[in-house]
Every structure is written in C-alpha cells, then in structure tokens.
Amino acid sequence: MSWTLVIVLALGAYAFKVTGLVILGGRSLPAVVERCLALIPAAVVTALIVKDTFTTGQDLVLDARAAGIAVAVVAAWRKAPLIAVIVLGAAVTALLRQV
Amino acid sequence: MVVACLTLSGAVGVFGFSFGVGSVAAGASVWQTCALSLFVFTGASQFSAMSVIGAGGSLGSALGGALLLAARNGVYGLAMSRRLDGSLGRRLLAAQLTIDETTAMAVAQPNRREQQIAFWLTGFALYTFWNVGTLIGALTGSAIDPRTFGLDAAFPAGFVAMVWPLLSDRRARLAAAIGGVVFLTTVSFLPIGVPILLSVVGVLVGVQRPVPPPVGAEGSRP
C-alpha cells in the first residue's frame, strides 16, 4: 500500500475538521446541506457492511461472515456494548470456519 | 462524565485494535497503520479506506469513500466552534479531536464549562486509546492469520455497531437501505470501491424537508 493514501487522507480529514471548527466557525450551512451531510454515515457505512459481509472482490458470496454479522446485528439490536458486537461477530465467524 | 469517558475509551481501544489487525491484513505496514490512526484519527474513514484497499480497489476510490465519511466532522466542527473558547492554536488542536464521540460527549453536557471539559477529556483519552489499540492490533495482525480468528469480520461488525444507533431515525433507515441496495446492484460490474462511492446517493433523502410533528396529536381533540 502506498503512503500517498495515508498522507492525502490525513490532510483531507483534517481539512474537513478545520473547515468546520476554525474557518466557518459560528456560521451555519443551509439546512438542506446539513441534513444531507448528517445522512452520509448511514448510507455509506451500510454499503460497507454489505461489502465486507457478502463480497470478495467483485463477487457476491455467502460464507461464515454472514452468520457472524447476523449475530452482530442481533447484539447491536439488543443494545450490547461495542466491544461485544465486534467480539461476537468475529467469534461466530471463526467458529463456523472450524466446523 | 469521567466514568462515561473511560468506558468509551476502553471500547475505542478495542475498536482501534480491530482497525490495526484489519489494516495490516489489507496490506498496510505497521507504520502506515499507526500513521493513519495518529494523523487521520477518524475511525469510519480509516476502516473504509482499508476495506476498499483490502478488496483490491484503487487509491482514488479508497480515498473517495473515506473522505465522504470524513465530511461529517466538518459539521461537528460547526457545532463545537460555538462551544469552545481559546486561541487559534487551541482551536487547531481541537479540530484534530473533533469526531463523533467527542462531539456527542460535549453536547450532552448542561453548560459551556462542562462541555469544554468533556470535549478535551474525551478527546485526549480517545486519542490515546485509539492509537495504543491500533499499535497492538497492527503488531498482533502481523503475527497471526486474521481469518483464523474471524478478524476479517471485525470490520463489518464494527460498522454494524457504528451504524445501528443512527437507524432510530426514519430518514437514516431509508438512506441506509438505498446505500445498501445501490452497492448490491452495482458491485458485480463497477470497479472495486466505486459502488461504495455511489452509495452516497442515499443522502438525497435529506433533500426532502422533515415532516413537522402533527399539531395536537391524538387525545387533544375537543
């Protein structure tokens, strides 16, 4: 992996933080822009969950990860702490691979 | 507040550990993994970038998805700028610590003084735990096969924990559904990483104005 990714991502992420906190300061964005920005994690993180659970490269696959993540979803729904959600997801996936 | 902060830090340490393991599994060196946590310091973006790189996606698509996720810290910055005092130098330092958890802890406090204490306390605690967790994870990940321990499922499981609290909102559920469906329908024929970028169309749900709560709902009719 290249250092370019590390450097550009570090600069870009910091630029967003500084823009909000230091440059724009107390001003506010149009309400519609704030509403859309607030929805980015829901849309993109859900796509990442689908990616890391059901795909390998460009292929759709159904393997042990699906069961692990199903358990993680149940744990999150039952308001389990973050640690438990991660450990359960990984443990179930690992156990199924042993079978 | 201190107890809440320490509990959160412990969880973030474990999260950092899973980032460290996953990042080296995706092909980054221990140094690169630690540099990401030290200088990027926003979990979802780091996970997203390494998830795309690990799958064989291009640099551009890995950066695109990660930067989309980093954009929300700008909104948190707006919220924090009304609550933080201090010189430009302090504000530039505060900017690096402006993420989901520090903003949430700060805005939950009743007055300005406690908001500032909560922000700095959470910020320094999380920064420490996130980076120590990352280092231990990266060293562990270099020594074992992550698949044996199901650690390749740690990324999506972490994402589940991250996204679940957001889904109490109807619009967020709709945005999430659109994001997931867009990814599923495009993954097989678009270059790796691009479907993640496209999933952002889900945010267009936010263009529609929120429906105001009905005035005089049930029970209030004469």
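User: In this predicted model, how far apart do the C-alpha centres of domain 1 and domain 2 of chain B lie?

Analyst: The C-alpha centres of domain 1 of chain B and domain 2 of chain B are 23 Å apart. The domain assignment places domain 1 at residues 2–152 and domain 2 at residues 169–209. Contact between them involves 10 residues of domain 1 of chain B and 7 residues of domain 2 of chain B. On the domain 1 side, helix α4 (residues 59–70) of chain B gives the most, with 5 residues, and the residues of that side divide into 4 nonpolar, 6 polar and no charged.

User: How many helices and strands should I look for when I trace chain B?

Analyst: You should find 11 helices and 0 strands in chain B. The C-alpha atoms of chain B fill a box of roughly 70 × 45 × 35 Å along the principal axes, and 54% of the 222 residues of chain B count as buried. If you take the contacts in chain B between residues at least 6 apart in sequence, 70% of them join residues at least 24 apart.

User: How can I check the length of a helix, and what span should helix α10 of chain B have?

Analyst: The idea is to allow 1.5 Å a residue, so that the 17 residues of helix α10 (residues 170–186) of chain B should span 24 Å, and the end C-alpha atoms of this helix are 25 Å apart, which agrees.

User: Which residues of α10(B) are buried, and what covers them?

Analyst: A general point helps here: an α-helix has 3.6 residues a turn, so residues three or four places apart point the same way. In this structure, the buried residues of α10(B) include A172(B), A175(B), A176(B), G179(B) and F183(B). Their cover includes α3 (40–54) of chain A, together with α9 (154–163) and α11 (194–198) of chain B.

User: How many residues does each chain bring to the contact between chain A and chain B?

Analyst: Chain B brings 88 residues and chain A brings 64 residues. Sorted by class, the side of chain B that touches chain A has 59 nonpolar, 24 polar and 5 charged residues.

User: How many residues does the largest nonpolar core have, and where does it lie with respect to the two domains of chain B?

Analyst: In soluble globular proteins, nonpolar side chains tend to be buried together. Here the largest nonpolar core has 105 residues, and those with the most contacts inside it include A72(A), V85(A), A157(B) and V160(B). Helix α1 (residues 2–25) of chain B gives the most to this core, with 11 residues. Domain 1 (2–152) and domain 2 (169–209) of chain B both give residues to the core, so it lies between them. As for A72(A), leaving out residues up to four places away in sequence, this residue touches V85(A), L88(A), G89(A), A157(B) and V160(B).

User: Which phi values do K79(A) and F41(B) have, and is each residue buried or exposed?

Analyst: Phi of K79(A) is near 60 degrees and phi of F41(B) is near 45 degrees, in each case a positive value in a residue other than glycine. K79(A) sits in the loop between α4 (64–77) and α5 (82–98) of chain A, and counts as exposed because it has 10 C-beta neighbours inside 10 Å. F41(B) sits in the loop between α2 (30–40) and α3 (43–54) of chain B, and F41(B) is buried, with 23 other C-beta atoms within 10 Å.

Key: Residues are numbered from 1 along each chain as its sequence is written. Chains are lettered from A and ligands numbered from 1 in the order in which they are written. This is a predicted model: local features need pLDDT of at least 70, side-chain atom pairs count only at pLDDT 80 or more; totals for chains, interfaces and linings use all residues. Domain bounds come from an automatic or database domain assignment. Two residues are in contact if their C-beta atoms, placed from the backbone, lie within 7 Å. Helices (H or I, at least four residues) and strands (E, at least two) are DSSP runs, numbered from the N terminus. Ala, Val, Leu, Ile, Met, Phe, Trp, Tyr, Cys and Pro count as nonpolar, Asp, Glu, Lys and Arg as charged, and the others, Gly among them, as polar. A residue is buried if 20 or more other C-beta atoms lie within 10 Å of its own, exposed if 12 or fewer, and partly exposed in between; C-beta atoms are placed from the backbone. The expected span of a helix is 1.5 Å times one less than its number of residues. A nonpolar core is a set of buried Ala, Val, Leu, Ile, Met, Phe, Trp, Tyr and Cys residues joined through C-beta atoms within 7 Å.
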